[in-house]
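Q: I am new to this structure and would like a close look at a single part of it. Please start there and then work outwards.

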Amino acid sequence: MPAEPDPADFTVPAEPVVTRRATTLPLRRRLPPVVALLLLAPWAAECSWGGFAIDDFLPVLIFLGPMYGGAAILIRETARHLGAGWPTIVLLAAAFGVLQAGLVDQSLFNPDFLDDTQYADTRAAAEATLVPGLEFSLRQAFDYVGNHIVLTICAPIVLIESFLGADRRFRPWLGRPGLVVVGVLYLLGSLLIFSDSSGRKDFLASPLQLAFAGVVVLALVATALVPRWRRPGPRRARRVPHPLWVGLLVVLVRFGTDLTPGWAGVAIALALSAAAGGLIAYWAARSGWGQRHVLAAGSASLVSAAAFAYLVPPYSPASPAAALAGDIAVTVMTVALVGGAWWRSSEGRRTATTLAATPLSREPRSG
């Protein structure tokens, strides 16, 4: 007698038939998650950790939404159209982080970038890890790119996808016309930051620095598009930790990356991140891995950032009342988002059990 299908098996986008039927859903069902991701990405990137007071939330969404939100949508749609999974999303998110910090606002190479903010005192720590010849701080590169990976891209995507049912979670939301519109929106948003005096801050990196950033971006994109990421291997019939343990691992690693300054601190941060990523990939290959595990891994950094928002100042001086109101709003929004996604993912798990018995979930591959 065949074993009962494990609903967790349906959290991996293994069926190209889902991609083929993606755009048959009506626009009113496909558009809301696109708009939600467009708004959530800039909020998570810049507001969730206390970077702005509450009266700056709306300008952040308006001016940074096209760039951050556009990138998150394009990355998510690229992976889902290809039938690829989270390795592709993470690698494309890293490429976006290097593109943003190295070529758009060029904060990676500008030693004066934070001098007009309340983080000017971090300059000395950054200069302790300068890479000779290229003159950028490896510590800052880890922080800038890492935060774009976990906060700008991965956390918003996993939250929005967790709100969707299991039958829609891995479907692309946009066809070619929609992707063109979002692509133009992203380019215009990036051009705005590049040309604005408060964006790039009238700094221009050297040709060598720009070439280096461009090569890294191309290498990450090429690696992300390797076909092997589109062929998930068979699940191992082994147990996995409770999702909360997965989230706790991510939180501990996030704290551990800030233990020590200088080159030793960078080495520890890279080692911890690599070890955690490898362990999560190992767990994800087991049959018990489900959407709640993905949610815990993807949103843990957002939760820890929101928890410590009360301890960090915003970029620009703000009244204590506005800063506190912003931190409270961040807490409320984070709890609502993560709590709602957790509840919805349990609904999706029950739906996956139903889908396991339908012909759609077992439809053969097609070219």
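Which polar atom of the side chain of T129 or of another residue lies 3.1 Å from the backbone nitrogen of R139?

A: It is a polar atom of the T129 side chain, which lies 3.1 Å from the backbone nitrogen of R139. Keep in mind that this is a predicted model.

Start with where T129 is. T129 sits in the loop between α5 (123-127) and α6. T129 is buried, because its relative accessible area is 0% and the limit for buried is under 20%. Leave out residues up to four places away in sequence, and T129 still touches F136, S137, L138, R139, G262, W263 and V266. R139 is thus on that contact list, and its backbone nitrogen takes part in the 3.1 Å approach.

The loop has another residue to note. E135 also lies between α5 and α6. Its phi is near 55°, a positive value in a residue other than glycine. E135 is partly exposed, with a relative accessible area of 42%. T129, by contrast, is buried.

Now follow the chain into α6. This helix covers residues 138-163. Helix α6 gives the largest share of the largest nonpolar core, 12 residues. That core has 80 residues. W43, I153 and L159 have the most contacts inside the core. In general, nonpolar side chains tend to be buried together in soluble globular proteins.

Take L159 as one of these. Setting aside neighbours within four places in sequence, L159 is in contact with L40, L295, S299, L302, L337, V338 and A341. L40 leads to helix α2, where L40 is buried.

Helix α2 runs over residues 27-47. The helix has 21 residues, so at 1.5 Å a residue it should span 30 Å. Its end C-alpha atoms are 30 Å apart, which agrees. Many names in α2 are buried, among them R30, P33, V34, L37, L40 and A41. P42, W43, A44, A45, E46 and C47 in α2 are buried as well. W43 is also one of the residues with the most contacts inside the core.

After α2 comes a set of aromatic rings. The count comes to nine aromatic pairs. One of them joins W49 and Y315, edge-to-face, at 5.3 Å centre to centre and 90° between the planes. The pair links distant parts of the chain, with the two positions 266 residues apart in sequence. W49 is in the loop between α2 and α3 (57-82), and Y315 is in the loop between α11 (291-307) and α12 (320-355). W49 is buried, with a relative accessible area of 19%. Y315 is partly exposed at 21%. The two values fall on either side of the 20% cut-off for buried. Ring pairs also link W49, F52, Y119 and Y315 into a cluster.

A further edge-to-face pair is F255 with F308, at 5.2 Å centre to centre and 75° between the planes. Here too the partners come from distant parts of the chain, 53 residues apart. F255 is in helix α9 (residues 243-256), while F308 is in the loop between α11 and α12. F255 is partly exposed, with a relative accessible area of 38%. F308 is partly exposed at 39%.

Some rings have a charged partner. R80 lies over the face of W86, at 5.9 Å from the ring centre. The charged end of R200 sits over the ring of F194, 4.1 Å from its centre.

K201 is in the loop between α7 (176-195) and α8 (207-224). K201 has a positive phi of about 60° although it is not a glycine. At 21% relative accessibility, K201 counts as partly exposed.

Helix α7 itself holds V180. V180 is exposed, with a relative accessible area of 52%. The C-alpha atoms of V180 and L74 are separated by 9.6 Å, though the two residues are 106 apart along the chain.

Step back to the whole chain. There are 12 helices and zero strands. Of the 367 residues in the chain, 47% are buried. Among contacts between residues at least 6 apart in sequence, 84% join residues at least 24 apart.

Definitions and conventions. Residues are numbered from 1 along each chain as its sequence is written. This is a predicted model: local features need pLDDT of at least 70, side-chain atom pairs count only at pLDDT 80 or more; totals for chains, interfaces and linings use all residues. Side-chain values use heavy atoms; hydrogens and water are left out. A nonpolar core is a set of buried Ala, Val, Leu, Ile, Met, Phe, Trp, Tyr and Cys residues joined through side-chain atoms within 4.5 Å. Buried means under 20% relative accessible area, exposed over 50%, partly exposed in between (1.4 Å probe, protein chains only). Helices (H or I, at least four residues) and strands (E, at least two) are DSSP runs, numbered from the N terminus. Contact means heavy atoms within 4.5 Å. The expected span of a helix is 1.5 Å times one less than its number of residues. A polar contact is a pair of N or O atoms within 3.5 Å; within protein, one must be able to donate a hydrogen and the other to accept it, and residues adjacent in sequence count only if both atoms are side-chain atoms. Rings of Phe, Tyr and Trp (its six-membered ring) pair if their centres lie within 6.5 Å; planes under 30 degrees apart count as stacked, over 60 as edge-to-face and the rest as tilted. A charge sits over a ring if NZ of Lys or CZ of Arg is within 6 Å of the ring centre and within 35 degrees of the ring normal.
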